[in-house]
Amino acid sequence: MLYSGFIWESKLRCSSFSLKGLLNYLEVTFQGGIARRKNQLQEIRSSIRVSQDHLRSERMDIDGILSSLISYVGNATRHALLPIDERSRAVERRAEELKEQLNNEIGELRKNISDLRRISDTEDHIYFLQNFPSTQDRDEENNLTEIALDASTSFGTFRSIIKNLMDEILDKLELLTPIELQRIVRFAVDVKLDPSTAHPRLIVSGDEKEVQDGGGIQVVPRGAQRFDLYSCVLGRNRLTSGKAYWQVEVGDKLGWDLGVTTVTSQRKGKLVFKPDTNYWVIAHYDGDGYAAMTALPKKLALKAKPKMVGVFLDYEEGLVSFYDLTSSLHIFSFTACVFSGELCPYFSPHNELDEGRPLVITAV
């Protein structure tokens with residue numbers, strides 16, 4: 001027993017230096033972990049402050065815009081109702097005038113009745129006929145049964161006020177677009193074109209960032225994924241969830257299409273570009289025309305010709321939005337879309353409209 005205890009004591013004594021080193025090492029490691037976590041806490045606090053400052057700034061901007069809009073709506077409401085209120089007062093004045101007229105005539109008629117009773121006993125009928133007024137003439141002059149109070153209002157004026165109100169609302173909402181753009185650019189994705197889907201007229205650049213009309217049919221491999229009638233091309237990206245943003249330089253082109261479609265959408269023959277066929281697309285045509293390819297194409301009135309267009313997709317929300325990045329304006333949004341399966345970016349530079357100038361996918 002004594003020998004065994006001596007051996008263990010000797011071993012512990014021999015290893016005391018290595019054990020102490022291990023403890024020191026562990027303590028330094030733990031202290032380092034504490035320091036790193038304190039730094040992370042500080043970074044979180046700093047990030048929270050920055051985020052809160054950013055959100056407060058955004059809130060102030062949005063609140064200012066909405067407050068201005070609410071004030072405008074209040075003024076427009078009062079302006080829209082003013083003609084009705086004025087008409088209501090005019091109707092009341094006319095009613096009072098008619099009531100006064102009728103009361104006066106009632107008084108006259110009662111006086112006539114009194115006079116009639118007073119002279120009814122006279123035997124001088126000639127005197128009666130000469131001096132008693134004709135009630136028939138009075139009723140013809142005052143045909144009260146045809147009196148009507150005009151309570152109509154001018155709906156032309158009302159429509160004009162409402163139109164101006166809607167225009168003002170849209171203008172105010174456009175003030176939110178720069179804030180919106182600041183948010184969505186963080187969802188930027190690296191979009192590249194898929195040459196295997198490109199119509200034979202189209203030329204895709206080596207870096208797969210540009211596409212243009214080549215002026216004629218190119219010799220390319222045939223494939224089930226290639227567009228065969230319309231000058232279109234798809235992006236390589238497969239989008240199945242979340243948010244994605246990319247931007248395209250359209251320059252001074254006279255025509256183009258941009259949007260998204262499903263990986264399984266029709267590519268062959270005559271196509272119909274609308275949500276029912278899994279195409280969410282806007283088009284620029286004839287140099288100055290713009291349209292959203294909805295079930296019934298919707299013409300878009302743009303204030304200026306965009307040189308750069310941003311495309312934003314929110315898969316879960318069912319949203320595809322387009323922005324004029326040149327003027328920081330919202331162009332159009334497809335909302336309440338029902339997506340299923342994989343989506344991919346869609347492009348068309350159109351045919352021979354603008355000397356083959358390309359669509360260029362640019363870095364965000």
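Which residues have the most contacts inside the largest nonpolar core? Here are some notes to help you find your way to them and beyond.

1. **What you are looking at.** This is a predicted model, in which local features need pLDDT of at least 70, side-chain atom pairs count only at pLDDT 80 or more, and totals for chains, interfaces and linings use all residues. Residues are numbered from 1 along each chain as its sequence is written, and side-chain values use heavy atoms, with hydrogens and water left out.

2. **The overall picture.** The protein chain has five helices and 13 strands; these are DSSP runs numbered from the N terminus, with helices being H or I of at least four residues and strands E of at least two. Of its 364 residues, 31% count as buried. For that label, buried is under 20% relative accessible area, exposed is over 50%, and partly exposed is in between (1.4 Å probe, protein chains only). The accessible surface of the chain comes to about 23,600 Å², and 56% of that belongs to carbon and sulfur atoms. Those areas come from the Shrake-Rupley method with a 1.4 Å probe, and for residues only the protein chains shown count as cover.

3. **Contacts along the chain.** Take the contacts (heavy atoms within 4.5 Å) in the protein chain with a separation of 6 or more: residues 24 or more positions apart account for 68% of them.

4. **The largest core.** Back to the opening question: W246, V320, F334 and F347 have the most contacts inside the largest nonpolar core, which has 35 residues. Such a core is a set of buried Ala, Val, Leu, Ile, Met, Phe, Trp, Tyr and Cys residues joined through side-chain atoms within 4.5 Å. In soluble globular proteins, nonpolar side chains tend to be buried together. W246 is a good place to click: leaving aside its neighbours within four places in sequence, W246 is in contact with residues including V189, V191, L239, V260, V309, P345 and F347. There is also a second, separate core of 13 residues, with L234, V263, F273 and A283 among them.

5. **From β6 to β7.** Now look at strand β6 (residues 279–285), where you will find Y285. β6 and β7 run antiparallel and are joined by four bridges; to count as a pair, two strands need at least two bridges between them in DSSP. One place to see this is H284, which stands opposite Y290 in β7. The two strands form a hairpin with three residues between them, and D286 in the turn has a positive phi of about 55 degrees.

6. **Y285 itself.** Is Y285 buried or partly exposed? Y285 is partly exposed, because its relative accessible area is 28%. Not counting residues up to four places away in sequence, Y285 touches L254, G255, Y290, A291 and K299. The C-alpha atoms of Y285 and K253 are separated by 9.3 Å, with their positions 32 residues apart along the chain.

7. **β7 and on to β8.** In a regular strand the side chains alternate between the two faces of the sheet. Strand β7 (residues 289–292) is covered on both faces, with G289 and A291 on one side, Y290 and A292 on the other, and all of them buried. β7 also pairs with strand β8 (residues 298–299) in the antiparallel sense, over two bridges. A292 stands opposite K298 in β8, and this hairpin has five residues between its strands.

8. **Salt bridges in helix α1.** A salt bridge here is a side-chain nitrogen of Lys or Arg within 4 Å of a carboxyl oxygen of Asp or Glu, and by this rule the count comes to nine. R56 forms one with D53, the closest N and O atoms being 2.3 Å apart. Both lie in helix α1 (residues 2–119), three residues apart, about one turn of the helix. R56 is partly exposed at 46%, and D53 is partly exposed at 44%.

9. **Further pairs, and a network.** The side chains of E97 and R94 meet in a salt bridge at 3.5 Å, N to O. E97 and R94 are three residues apart in helix α1, so about one helical turn separates them. E96 and K99 form a salt bridge too, with their closest N and O atoms 3.2 Å apart. E96 is partly exposed at 48% relative accessible area, and K99 is partly exposed at 44%. Elsewhere, D194, E208 and R236 are linked in a network of salt bridges.
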